[in-house]
Amino acid sequence: MDVFLNLTLNGLATGMLIFLLAAGLTLIFGLMDVLNFAHGGLFAWGAYSGTWIYATTGNFFIGIIGAVATGLILGLLTERFIIKPVYGNHVQQILITLGLMIVLSELLKVFWGPNQISATAPDFLKGSWEIGGIIIIKYRVFIITVGLLVFLAVQYVLKNTKIGLVVRAGVMNKEMVQALGINIKRVFMLVFMIGAGMAALGGVLLGPYSGVIHAEMGMEFAILAFIVVVIGGMGSFPGSILAAILVGLSGSFMAYYVPDLALAANMILMAVVLIFRPQGLFGLKG
């Protein structure tokens, strides 16, 4: 039972980190119809900037705030100067964002060097609790809590606020929203920035979880994020959290029980879902 619970907590924590990256990708694709392959680069920049700020200030939460701010700024610059000229052209979006992904990764090496950087959790999140002989690691619980709070907050905004109504309407019919006098371009920019900030948040939380960060981590997690978006359904925010949890749990259990299939677990899961629901778990039929 203790092994099962630890694997479950590990899978949930990993799933929440993937969710923070994939949720922003889901919002961006759902509203803006943009295939942003540079999203993983924003994740990596959040990890590096947050870890550096934490090491400089000694305050973990300032590091988190700094990482999110970095994501918001990079998201603004990316949308304005990289994405805006290629709206509506998926081929150009893929090419230019893949190029940006490489540039962002290389810039990390320029500023922080090519070697891995160690990252540790603050003292109050180190260690574990023992409940009935079961070891529960504090930092994993923290990640799960943050992921759930972000999900609930974004879900509330989407369902209960005016900007959320505009976003949901924009997903369904961008032309109608524009015709009502709403500046859909500003909404695009805001959504892109929020998505980038969520990716950066996931990156800074990953550091203490894995113990090290490296420049190529963005590409690794970007692949998982796209798998989650496909499984959950294109543009579905609830689908992204369910798919991220499934991906996290499958990776955790497969790595322990069938390590030879651990790398293929996510592809197998995606294939099974798409066989029975080609539109994804929460996607709408085309």
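Let's start with Leu-108, which sits in helix H4, residues 90-112. This is a predicted model, so please hear everything I say as computed from that model. Leu-108 is buried, because its relative accessible area is 0% and the cut-off for buried is under 20%. What does Leu-108 touch, once residues up to four places away in sequence are not counted? The list is Ala-44, Trp-45, Tyr-48, Gly-113 and Ala-215. For a sense of scale, the C-alpha atoms of Leu-108 and Lys-84 are separated by 24 Å, and those two residues are 24 apart along the chain.

Trp-45 comes up again with Thr-70. Thr-70 belongs to helix H3, and it is in contact with Trp-45 and Ser-49, leaving aside neighbours within four places in sequence. Is Thr-70 buried or exposed? Its relative accessible area is 18%, and the cut-off is under 20%, so Thr-70 counts as buried.

Next, a loop residue. Ala-38 is found between H1 and helix H2, the latter being residues 39-57. Ala-38 is buried too, with a relative accessible area of 1%. With its neighbours within four places left aside, Ala-38 is in contact with Thr-97, Leu-100, Met-101 and Leu-104. Its C-alpha is separated by 9.1 Å from that of Thr-78, a residue 40 places away along the chain.

Now over to helix H8, residues 184-210. It has 27 residues, and its first and last C-alpha atoms are 39 Å apart, close to the 39 Å expected at 1.5 Å a residue. How many of the 27 residues in H8 are buried? The count is 20, so we can call this helix mostly covered. Both ends have something to show. At the N-terminal end, Asn-183 acts as a cap, with a side-chain oxygen 3.1 Å from the backbone nitrogen of Lys-185. After the helix comes Gly-211, with a positive phi near 95 degrees.

Inside H8 we find Gly-195, which is buried at a relative accessible area of 0%. Apart from neighbours within four places in sequence, Gly-195 is in contact with Gly-24, Ile-28 and His-39. The C-alpha atoms of Gly-195 and Leu-72 are separated by 8.2 Å, although their positions lie 123 residues apart along the chain.

Let me move to helix H10, residues 237-257. At 1.5 Å a residue its 21 residues should span 30 Å, and the end C-alpha atoms are 31 Å apart, which agrees. At the start of H10, a side-chain oxygen of Ser-236 reaches to within 3.0 Å of the backbone nitrogen of Gly-239. The buried residues of H10 include Phe-237, Gly-239, Ser-240, Ile-241, Ala-243, Ala-244 and Val-247. As a reminder, an α-helix has 3.6 residues a turn, so residues three or four places apart point the same way.

Several of those names return when we look at Phe-19. Not counting residues up to four places away, Phe-19 touches Gly-147, Phe-151, Phe-237, Ser-240, Ile-241 and Ala-244. Which residues have the most contacts inside the largest nonpolar core? They are Phe-19, Leu-205 and Phe-237, in a core of 80 residues. Helix H1, residues 2-32, supplies the largest share of that core, with 14 residues.

On to the aromatic rings. There are 19 aromatic pairs in the model. Take Phe-61 and Phe-124: the ring centres are 5.8 Å apart and the planes are at 20 degrees, so this pair is stacked. The pair links distant parts of the chain, with Phe-61 in helix H3, Phe-124 in the loop between strands E1 and E2, and 63 residues separating them. Phe-61 counts as partly exposed at 42% relative accessibility, and Phe-124 is partly exposed as well, at 48%. Both rings belong to a cluster linked by ring pairs, together with Tyr-54, Phe-60, Tyr-139 and Phe-142.

Last, the annotation. The unreviewed UniProt entry lists "transmembrane region" for several spans, among them 187-209, 221-249 and 256-276. In the model, residues 221-249 are 86% helix and 0% strand, with end C-alpha atoms 15 Å apart. Residues 256-276 are 67% helix and 0% strand, and their end C-alpha atoms lie 27 Å apart.

Methods
Residues are numbered from 1 along each chain as its sequence is written. This is a predicted model: local features need pLDDT of at least 70, side-chain atom pairs count only at pLDDT 80 or more; totals for chains, interfaces and linings use all residues. Side-chain values use heavy atoms; hydrogens and water are left out. Rings of Phe, Tyr and Trp (its six-membered ring) pair if their centres lie within 6.5 Å; planes under 30 degrees apart count as stacked, over 60 as edge-to-face and the rest as tilted. Helices (H or I, at least four residues) and strands (E, at least two) are DSSP runs, numbered from the N terminus. Buried means under 20% relative accessible area, exposed over 50%, partly exposed in between (1.4 Å probe, protein chains only). The expected span of a helix is 1.5 Å times one less than its number of residues. A polar contact is a pair of N or O atoms within 3.5 Å; within protein, one must be able to donate a hydrogen and the other to accept it, and residues adjacent in sequence count only if both atoms are side-chain atoms. A nonpolar core is a set of buried Ala, Val, Leu, Ile, Met, Phe, Trp, Tyr and Cys residues joined through side-chain atoms within 4.5 Å. Contact means heavy atoms within 4.5 Å. UniProt positions are given in the numbering used here, feature names are shortened, and annotations may be inferred rather than shown by experiment.
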